[in-house]
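Please load the model in your viewer and keep the selection tool at hand, as each stop on this tour asks you to pick something and then look at what surrounds it.

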Amino acid sequence: MAAGPPPPLEPNLLPTFPEEGFTEKFVRKTRENPLVPLGCLCTVSVLVYGIICFKRGHTRRSQLMMRARVIAQGCTFAALLGGMVATALKSRQ
């Protein structure tokens with residue numbers, strides 16, 4: 001199986017945003033992939049609630065929240081990967 005050389009990277013095809021501040025970049029990235037910030041917010045909220053339950057002595061609920069946090073982190077990671085794949089496929093066209 002002989003494969004040719006990899007295609008050259010062409011940075012001039014990628015969009016550039018020369019004078020974009022943090023807020024503009026955050027809003028643009030959120031519009032491109034809204035599931036990632038939503039997943040981060042969900043993960044943090046489940047984590048905080050789990051810590052509160054742990055401090056109050058609700059160990060069973062705290063353990064459940066930590067498991068939910070892992071699931072939320074996995075969903076956030078999947079959304080991040082999905083967004084990267086979609087961006088890569090869009091830039092090829």
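Begin with the packing of two helices, where the buried residues of H3 lie against H2. To see this face, select Ser 62, Met 65, Ala 72, Thr 76, Ala 79 and Gly 83, which are the buried residues of H3. The model is a predicted one, and its mean pLDDT is 86, with 86% of the residues reaching 70 or more.

**The whole chain**

Now zoom out and colour by secondary structure: the protein has 3 helices and 0 strands, and from the N terminus the order of elements is α-α-α. If you switch the colouring to confidence, the lowest mean is found in H1, at 86, whereas helix H2, residues 35–56, has the highest, at 94. With a surface drawn, the accessible area comes to about 8,200 Å², and carbon and sulfur atoms account for 67% of it. Of the 93 residues in the protein, 15% are buried. Among the contacts with a separation of 6 or more, 45% join residues that are 24 or more positions apart.

**Along helix H3**

Select residues 59–92, which make up helix H3, and set a distance between the first C-alpha and the last. The 34 residues of H3 reach 50 Å between these two atoms, close to the 50 Å expected at 1.5 Å a residue.

Within this helix, pick Thr 76. Is Thr 76 buried or exposed? Its relative accessible area is 11%, and because buried means under 20%, Thr 76 counts as buried. Once its neighbours within four places in sequence are set aside, Thr 76 is in contact with Val 36, Gly 39, Cys 40 and Thr 43.

Follow the last of those names to Thr 43, whose place is in helix H2. Thr 43 is buried as well, with a relative accessible area of 12%. Seen from this side, and again without neighbours up to four places away in sequence, the contacts of Thr 43 are Arg 69, Ala 72, Gln 73 and Thr 76. Two of these names, Ala 72 and Thr 76, also appear among the buried residues of H3.

Return to helix H3 and select Ala 79, a buried residue with a relative accessible area of 13%. Which residues does Ala 79 touch, not counting those up to four places away in sequence? They are Asn 33, Leu 35 and Val 36. Add Pro 34 to the selection and draw a C-alpha distance: Ala 79 and Pro 34 are 45 residues apart along the chain, and their C-alpha atoms are separated by 8.9 Å.

Next select Gly 82, also found in helix H3. Gly 82 is partly exposed, with a relative accessible area of 38%. A C-alpha distance drawn from Gly 82 to Leu 35 gives 9.7 Å, for two residues that stand 47 residues apart along the chain.

**Two pairs in helix H1**

Move to helix H1, residues 22–32, and show the side chains of Phe 22 and Phe 26, which both lie in this helix. A search of the whole structure finds 1 aromatic pair. The ring centres of Phe 22 and Phe 26 are 6.2 Å apart and their planes meet at 20°, so the pair is stacked. The two residues are 4 positions apart in sequence, about one turn of the helix. An α-helix has 3.6 residues a turn, so residues three or four places apart point the same way. For the solvent side of this pair, note that Phe 22 is exposed at 70% relative accessibility, while Phe 26, at 46%, is partly exposed.

For the last stop, select Glu 32 and Arg 28, which also lie in helix H1, 4 residues apart and about one turn of the helix from each other. What joins the side chains of Glu 32 and Arg 28? They meet in a salt bridge, with 3.1 Å from N to O, and the structure holds 1 salt bridge. Set the surface on again to compare the partners: Glu 32 is partly exposed at 45% relative accessibility, whereas Arg 28 is buried, with a relative accessible area of 18%.

Note on methods: Residues numbered from 1 in each chain as written. Predicted model: local features only at pLDDT ≥ 70, side-chain atom pairs only at ≥ 80, totals over all residues. Heavy atoms only, no water. Buried < 20%, exposed > 50% of the residue type's maximum accessible area, 1.4 Å probe, protein only. Contact = heavy atoms within 4.5 Å. Areas by Shrake-Rupley, 256 points an atom, 1.4 Å probe, with all protein chains shown as cover. Phe/Tyr/Trp six-rings, centres within 6.5 Å; stacked < 30°, edge-to-face > 60°. Salt bridge = Lys/Arg side-chain N within 4 Å of Asp/Glu carboxyl O. pLDDT = per-residue confidence, 0-100. Expected span 1.5 Å × (residues − 1).
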